Amino acid sequence: MKFSDGYWMMREGVHASHPVEVLDVDAGPDSLTVHAPVQRIRHRGDLLKGPVVTVTASSPMPDVIGVTLTHFAGERDRGPAFELADASPDVVVDAPEGGDAATLTSGALTVRVRRDGTWGVDFLADGRRLTGSAPKAAAIIETDERWPAGARHYVREQLDLGVGHVVYGLGERFGPLVKNGQSVDAWNADGGTASEQAYKNAPFYLTNAGYGVFVDHPGRVSFEVASEVVTRTSFSVEGQSMRYFVIYGPTPREILRKYTALTGRPAKLPDWSFGLWLSTSFTTSYDEATVTSFIDGMAERDLPLSVFHFDCFWMREFQWCDFEWDPRVFPDPPGMLRRLKERGLKICVWINPYIGQRSPLFEEGRANGYLLTRPNGDVWQWDKWQPGLAVVDFTNPEAREWYTAKLDALLEMGVDCFKTDFGERIPTDVVYHDGSDPERAHNYYAYLYNKTVFELLQKRRGEDEAVVFARSATVGGQRFPVHWGGDCESTFEAMGESLRGGLSLGMSGFGYWSHDIGGFEGTPDPALFKRWIAFGMLSSHSRLHGSRSYRVPWLFDEESVDVLRTFTKLKMRLMPYLAGAARQAYEEGAPMMRAMVVEFPDDPACTHLERQYMLGDDLLVAPVFSQDGTVAYYVPDGVWTHYATGERVAGGRWVRETHGFGSVPLLVRPGAVVPEGAVDDRPDYDHADGVTLRVYEPRTGIGDGARVVTRVGDATFTTARDGSAVRVTAAGAGAWNVLLVNARAAAVRGGTAAGHPGGVLVEASGDEVVITLEEGQD
């Protein structure tokens, strides 16, 4: 929210008070409290008026410092609140009497409040200033009746942005990846992928300057990113108090690691979830015969399929949600599900957190107090989406049990997971069972909704078998994957929007992400569909889904079948690698799909890149956004290698290529060891059995003495270079192979060498393979 009128003045009806000096400091063993009046204290008369801003600093874990700005401390503590970790770190507080500053240090991060007569808060790490709050940055803001929104009270902070410093994150946002110059309201909305609204808002941003900022407020947080003041990031909340955390990295991956340690890491997902998901689509007509024809068609064309999804109309019209199969088109749901599961498929069904008035569950929910009500006690209802729609109150434990009991019956029937759609259009003129503040609960509702369903799946299917396919989310929602990008058009532009949204979400703490291959609204032409297939199968999760048309590939053209087969089988073979990337998501908080700047923060050319990404540590993907196959992408320093062809690409430059529908720029990082599986028709297999370690550029990427450790299932492989020799050792492995890409061997020890067009292929005979390169290879 912009409060100012240019740099010098405030907007009409807006009154701001800023801390100007430190009156006194209370130094506790693990906290620092500063009282800062908004006018100079020249004599005792100045002590008779306010406001006085109370600034409190503390730390929940090393390298993370929270700062709370408070005007009136008597404001009632209104829930809900984010669930945050507290590691009780060792904190050093230094506030010497008469000193020119008071500091609190946690790990390598220090907050310093100046006491030299000029207000200022600085955040420092490793001997340098990261950012800070300058005079007139922090503010207590009041409005009057002339302000369009009426009389309100806000707390605002502004943190400096240095030259070249840029901001990322703030949830799944579909505009430019770099948020500088944007006004962003963290407020969940069902706005599609072509607007400033977002399904998944997170009041967290990370920078390329070594730090991130998380505003600990679950409701609306307004950000002005180098917009209201072009050298600052502003953020404000309505109320009397605001807490924010500064998180020191210094790298983007370290910032994400610490942020997800604070707010929650993504869960581990079952391998089957990484396979291809096929949907009935939304408003298409379907029954069991239709579903069977799709699955038969996929099998006949050798198209690996892992999950079949039934969208909304598995239930009868106007009765969403009653969680009952429409008997007119599905007369034998248990038998149908059994037949599908006998074919090795997992089953997903669509749900949402709303109950239409015609649903038998409406009266049940109303009578028992399971639905959100208006302040006068009426059930809150409207006619958008479903006539007479009401909203389940997930703050009510009995409502959660009631809701999950309906889902539990579906799990008993054979359903494996749920598409938890919607959860964004949550009203604020309502009363919650637990007294939650409706403004704070608006975004948080998505967290409770997905948590309720995910924990049921964990209970019934096992800790590592739970999967939802969710659209709405906020901070902490990354714990309940997977999330997909929402309703996009069937255009190349929407394909680009979707990628920007996914990369932005990854920079907001979410480890996995998907999107509708081909787009949701409309029907893609065959060229777009085929280009989107490559992007979709090289995403963490892959789903064929549309609105008014089916997404089986043979309805587009026969080449679409071939393209889908090529990229689906490629993804299945890459499962040993993808499982490693997923491990980084749930152990470290690193997203599987990463903006280039996350992996290459010191390369200024990567700062604004948003049409390509890293899939895990070592694979660069540049989707093709054109029918004719032309694509331009940036390659960081080093000698990279096309995965499919073995062609080398010198980095440190932009590359322009033309690709057919069966290929896409998929490059391997120099020095990488990419494990490729021996199975290409399913994702859930023993990834270590028969695995091939593809070793790239060992002469340039792996320096003498350097080691690359690769975990595949229960096996661990270590690759190292010693002069002209490449040595690979295995622990806990069965059958395994090494492919030294683009190499010629002078000698091989520890296995049998076979001819291979891509380099030297060795079938290991024990726990170590040593390949000596021919002299003169570069």
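Which residues touch the most other members of the largest nonpolar core? In this predicted model, they are Phe-310, Trp-314 and Phe-418, within a core of 173 residues. Helix 6 (residues 438-461) supplies the largest share of this core, 10 residues. A further core of 47 residues lies apart from it and includes Phe-123, Ala-138, Val-215 and Met-242. In soluble globular proteins, nonpolar side chains tend to be buried together.

Leaving aside residues up to four places away in sequence, Trp-314 is in contact with Tyr-286, Phe-323, Glu-324, Trp-325, Asp-326, Phe-330, Val-349, Trp-350 and Leu-410.

**Aromatic pairs**

Across the whole structure, 46 aromatic pairs are found. Two of them are set out below.

| Pair | Distance between ring centres | Angle between planes | Class |
|---|---|---|---|
| Trp-325 and Phe-330 | 5.3 Å | 75 degrees | edge-to-face |
| Trp-385 and Phe-422 | 4.5 Å | 40 degrees | tilted |

The pair of Trp-385 and Phe-422 links distant parts of the chain, 37 residues apart: Trp-385 lies in the loop between helix 4 (360-368) and strand 26 (390-391), and Phe-422 in the loop between strand 27 (417-420) and helix 6. Trp-385 has a relative accessible area of 27% and is therefore partly exposed, whereas Phe-422, at 4%, is buried. Trp-325 is buried at 7%, and Phe-330 is buried at 2%.

**A buried arginine**

Arg-551 is located in the loop between strand 28 (542-544) and helix 9 (558-573). Although buried, Arg-551 has no salt bridge, and Asp-516, the nearest side chain of opposite charge, is 7.4 Å away. The side chain of Arg-551 makes a polar contact of 2.7 Å with that of Ser-549, and one of its polar atoms lies 3.0 Å from the backbone oxygen of Gly-522.

Note on methods
Residues numbered from 1 in each chain as written. Predicted model: local features only at pLDDT ≥ 70, side-chain atom pairs only at ≥ 80, totals over all residues. Heavy atoms only, no water. Core = buried A, V, L, I, M, F, W, Y, C linked by side-chain atoms within 4.5 Å. Buried < 20%, exposed > 50% of the residue type's maximum accessible area, 1.4 Å probe, protein only. Helix = DSSP H or I, 4+ residues; strand = E, 2+ residues; numbered from the N terminus. Contact = heavy atoms within 4.5 Å. Lys, Arg positive; Asp, Glu negative; His and termini not counted. Salt bridge = Lys/Arg side-chain N within 4 Å of Asp/Glu carboxyl O. Polar contact = N/O pair within 3.5 Å; in protein donor to acceptor, adjacent residues only side chain to side chain. Phe/Tyr/Trp six-rings, centres within 6.5 Å; stacked < 30°, edge-to-face > 60°.
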